[in-house]
Amino acid sequence: MFCNHELEVSVIIPVYNGGENFRRCLSALANTTPSPFEIIVAADGDTDGSWLIAREFGTQVVRTNTRSGPAVARNLGACFAQGEILFFVDADVVVRPDAISQVVSTFKREPDLAALIGSYDDAPDATNFLSQYRNLLHHYVHQSGCEEASTFWGACGAIRREVFLEVEGFDDSYRQASIEDIELGYRLKQAGYKIRLNKALQVKHLKRWEVGSLLKADFYYRALPWTELIWRDRLLINDLNLQVSNRLSIVLVFGLLIAVVAAFWWPEFLAIALGICMALLFLNLPVYRFFWRKRGIRFALQVIPWHWFYYFYSGLAFIIGTARHQLRQWDWIKTSSSKFV
């Protein structure tokens with residue numbers, strides 16, 4: 001049981017060349033009621049003077065000499081924090097005025113709570129299709145997830161300082177914005193700590209996604225390392241992006257691909273491909289209904305091929321990541337066996 005008297009919230013923001021989005025992030029935090037106990041900006045080797053913008057807003061600034069990644073920056077900020085609650089916020093999100101009160105009230109309401117996370121809102125800032133699709137999908141996944149959360153989220157996540165220090169913070173071997181927050185959440189759960197998904201705690205994402213940046217982030221910085229984490233901990237949780245429906249959709253997408261290729265030689269496979277398409281549509285109907293409600297039928301129809309493509313490259317990453325894991329295991333076994341020859 002944690003003590004909840006005088007809950008003071010330390011906001012920690014890692015930033016690397018944050019630009020105008022970072023200024024908007026700080027402006028929003030300046031308008032929260034109540035105000036946070038302190039705001040600590042961890043400038044991660046920035047070259048655009050982001051740390052000077054932070055100084056304009058009267059925040060405490062700590063700096064790294066070279067770019068080391070958000071995990072290192074967040075850990076550095078946490079070292080200087082004095083508040084009982086560490087509230088991690090990304091430099092490209094805008095919090096709502098009640099963000100601090102949402103954090104405080106959730107921890108007060110649940111004295112045994114170790115950490116909480118929020119979600120993106122349903123009004124992404126960038127107007128291009130990919131940004132709207134990607135951020136709205138993230139919103140949908142979190143809003144339909146279990147409130148008894150299975151992981152942590154660094155873009156909008158709070159944790160008791162004593163718990164954070166006990167589990168030794170983020171794994172600083174992640175040198176890019178990757179799954180360092182998910183990995184922290186796994187360790188928290190394994191240690192028996194409780195994480196809450198507060199669906200009312202929402203932030204606006206300002207990032208503009210393009211094809212290259214989206215695929216690079218999803219494939220290299222999320223899907224591949226997440227596969228390694230799953231094999232490391234032997235943990236496949238039925239929540240958020242890992243729900244059974246998502247896993248089944250991946251299998252169906254690969255089945256669809258095989259059926260389409262086979263149809264070039266055996267036309268009867270077109271009927272199988274059509275059946276798989278119908279199954280995919282039915283399985284993901286709640287997602288497409290959500291997009292229809294939010295952005296209309298044309299937008300929802302645009303989402304479908306991108307969503308199936310997402311299942312394809314996520315599945316491909318899992319296959320590659322699993323193969324890499326098995327190869328490392330075999331190398332370890334061979335190396336260990338040779339020592340006894």
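This report describes the cores, two covered elements and some surface positions of a predicted model.

## Nonpolar cores

The largest nonpolar core has 64 residues. Val 11, Ile 13, Phe 22, Phe 87, Val 103, Ile 159 and Leu 188 are the members that touch the most others. For Val 103, setting aside neighbours within four places in sequence, the contacts are Val 9, Ile 85, Phe 87, Leu 116, Ala 158 and Leu 201.

Another core, of 33 residues, lies apart from this one. Its members include Ala 223, Ala 259, Tyr 288 and Val 303.

## Strand S7

Strand S7 spans residues 156-160, and 5 of its 5 residues are buried. In a regular strand, side chains alternate between the two faces of the sheet. In S7 both faces are covered: Cys 156, Ala 158 and Arg 160 are buried on one side, and Gly 157 and Ile 159 on the other. Ile 159 is also one of the residues with the most neighbours in the largest core, and Ala 158 is in contact with Val 103.

S7 pairs with two strands. Strand S4 (residues 85-89) runs antiparallel to S7 and is joined to it by 5 bridges; here Ile 85 stands opposite Arg 160. The pairing of S6 with S7 is also antiparallel, over 3 bridges, and Ile 117 has Gly 157 as its bridge partner.

## Helix H7

Helix H7 covers residues 180-190, and 9 of its 11 residues are buried. The buried ones are Glu 180, Asp 181, Ile 182, Glu 183, Leu 184, Gly 185, Tyr 186, Arg 187 and Leu 188. Charged residue names thus appear in this list beside nonpolar ones such as Ile 182 and Leu 184. Leu 188 is also among the residues of the largest core that touch the most other members.

The buried residues of H7 pack against three helices and three strands: H3 (70-80), H6 (161-166) and H8 (211-233), together with S6 (115-120), S7 (156-160) and S8 (195-205). After H7 comes Gly 192, which has a positive phi near 90°.

## Surface positions

A nonpolar patch on the surface is formed by Leu 257, Val 260, Val 261, Phe 264, Trp 265 and Trp 266. Together these residues have about 700 Å² of accessible area. Val 261 belongs to helix H9 (residues 244-262). Val 261 counts as partly exposed because its relative accessible area is 40%.

Gly 275 is in helix H10 (residues 269-283). Gly 275 is likewise partly exposed, since its relative accessibility is 40%. The C-alpha atoms of Gly 275 and Leu 256 are 8.9 Å apart, while the two residues are 19 places apart in sequence.

Key. Residues numbered from 1 in each chain as written. Predicted model: local features only at pLDDT ≥ 70, side-chain atom pairs only at ≥ 80, totals over all residues. Heavy atoms only, no water. Core = buried A, V, L, I, M, F, W, Y, C linked by side-chain atoms within 4.5 Å. Buried < 20%, exposed > 50% of the residue type's maximum accessible area, 1.4 Å probe, protein only. Contact = heavy atoms within 4.5 Å. Patch = residues over 30% accessible without salt bridge, like charges linked within 9 Å, V, L, I, M, F, W, Y side chains within 5 Å. Areas by Shrake-Rupley, 256 points an atom, 1.4 Å probe, with all protein chains shown as cover. Salt bridge = Lys/Arg side-chain N within 4 Å of Asp/Glu carboxyl O. Helix = DSSP H or I, 4+ residues; strand = E, 2+ residues; numbered from the N terminus. Pairing = 2+ DSSP bridges.
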